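Student: I would like to go through this structure by question and answer. Please give the cut-offs as the terms come up.

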Amino acid sequence: MTSPNGRADASPYAAFAGQPAAEFLLHEPPMVLLDRVVEVDRDGALCTCRTGFDSLFCLPGRGVPGWTAIEFMAQCIAVSAGACARAEKRPIPLGLLLGTRHMKLQHGVFDPDREYRVESRLNFKDDSGMAAHECRVLQGATVVAQARLTAKEIQRGEDSGVQLP
């Protein structure tokens with residue numbers, strides 16, 4: 001991006017584009033379902049996801065069930081939170097998925113071995129870390145899943161009292 005004065009913006013998030021999504025998640029394989037970060041900032045993310053035959057959720061002869069879109073979306077939200085934490089030199093926060101509203105699926109399964117794009121955009125966030133996000137899964141330009149997810153971000157570290165092993 002370029003600022004009004006014609007200089008390139010020095011966003012701390014620009015360096016995260018192209019990195020593995022796993023770099024911003026607390027998940028371990030095989031639960032890391034997103035592949036790469038396309039773009040990210042404090043208000044959302046765009047990531048890629050390949051639904052391979054080796055996916056934990058792939059049903060032989062069918063594909064990945066549509067309901068896994070909720071986890072794709074939740075991980076996309078977590079990528080944004082993780083990138084924000086890294087930019088601010090904080091530990092990656094815990095995230096709790098609290099609810100899903102207005103879920104729409106175009107198909108019952110995601111085709112195996114196809115790449116999808118997953119987007120999240122922050123609607124609002126309160127001081128306690130509770131937030132609502134608009135999320136979509138796209139195949140090309142076609143929206144194949146969308147929902148509003150409510151999640152709570154929990155900071156961790158020495159000051160928070162929340163520690164992970």
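Student: Does Cys84 count as buried or exposed?
Tutor: This is a predicted model in which local features need pLDDT of at least 70, side-chain atom pairs count only at pLDDT 80 or more, and totals for chains, interfaces and linings use all residues. Residues are numbered from 1 along each chain as its sequence is written, and side-chain values use heavy atoms, leaving out hydrogens and water. Buried means under 20% relative accessible area, exposed over 50%, and partly exposed in between (1.4 Å probe, protein chains only). Cys84 has 10% relative accessibility, so the class is buried.

Student: How many disulfides does a search of the whole structure find?
Tutor: Cys58, at 14% relative accessibility, also counts as buried. Burial is not the test here, because a disulfide is a pair of cysteine sulfur atoms within 2.5 Å. For the whole structure, the number of disulfides found is 0.

Student: In what order do the elements of the protein chain run from the N terminus on?
Tutor: Helices (H or I, at least four residues) and strands (E, at least two) are DSSP runs, numbered from the N terminus. The protein chain has 1 helix and 8 strands. Their order is β-β-β-α-β-β-β-β-β.

Student: What percentage of contacts between residues at least 6 apart in sequence join residues at least 24 apart?
Tutor: Contact means heavy atoms within 4.5 Å. Counting in the protein chain starts with residues at least 6 apart in sequence, and the share of those contacts that joins residues at least 24 apart is 62%.

Student: How much of the area that the protein chain exposes do carbon and sulfur atoms supply?
Tutor: Accessible areas come from the Shrake-Rupley method with a 1.4 Å probe; for residues, only the protein chains shown count as cover. Of the 165 residues, 36% count as buried. The chain exposes about 9,400 Å², and the part from carbon and sulfur atoms is 53%.

Student: Which element gives the largest share of the largest nonpolar core?
Tutor: A nonpolar core is a set of buried Ala, Val, Leu, Ile, Met, Phe, Trp, Tyr and Cys residues joined through side-chain atoms within 4.5 Å. The largest one has 32 residues, and Leu34, Val40, Phe72, Met73, Val79, Phe110 and Val137 have the most contacts inside it. Two or more residues come from each of β1 (37–41), β2 (44–50), α1 (69–87), β6 (115–125), β7 (130–139) and β8 (142–154). The largest share, 9 residues, belongs to α1.

Student: Which residues is Val40 in contact with, leaving aside its neighbours within four places in sequence?
Tutor: Val40 is among the core residues with the most contacts inside the core. Outside the four-place window, the contacts of Val40 are Tyr13, Phe16, Ala45, Val79, Ser80 and Ala83.

Student: How many residues apart are Arg42 and Glu88?
Tutor: A salt bridge is a side-chain nitrogen of Lys or Arg within 4 Å of a carboxyl oxygen of Asp or Glu. Arg42 and Glu88 form one at 3.3 Å, N to O. Arg42 lies in the loop between β1 and β2, and Glu88 in the loop between α1 and β4 (94–105), a separation of 46 residues.

Student: Where is Asp113, which meets Arg50 in a salt bridge?
Tutor: The side chains of Arg50 and Asp113 meet at 3.8 Å, N to O. Arg50 is in strand β2, 63 residues from its partner, and Asp113 is in the loop between β5 (109–110) and β6.

Student: How far apart are the closest N and O atoms of Asp111 and Arg114?
Tutor: Asp111 is partly exposed at 29% relative accessibility, and Arg114 is partly exposed at 35%. The two form a salt bridge, and their closest N and O atoms are separated by 2.5 Å.

Student: What is the bridge partner of His133 in β8?
Tutor: Two strands pair if DSSP finds at least two bridges between them. β7 and β8 pair in the antiparallel sense over 10 bridges. Their hairpin has 2 residues between the strands, with Gly140 at a positive phi near 65°. Across this pair, His133 is matched with Leu149.

Student: What is the bridge partner of Cys49 in β6?
Tutor: β6 is joined to β7 by 8 antiparallel bridges. β2 and β6 are also antiparallel, over 7 bridges. In β6, Cys49 is matched with Tyr116.
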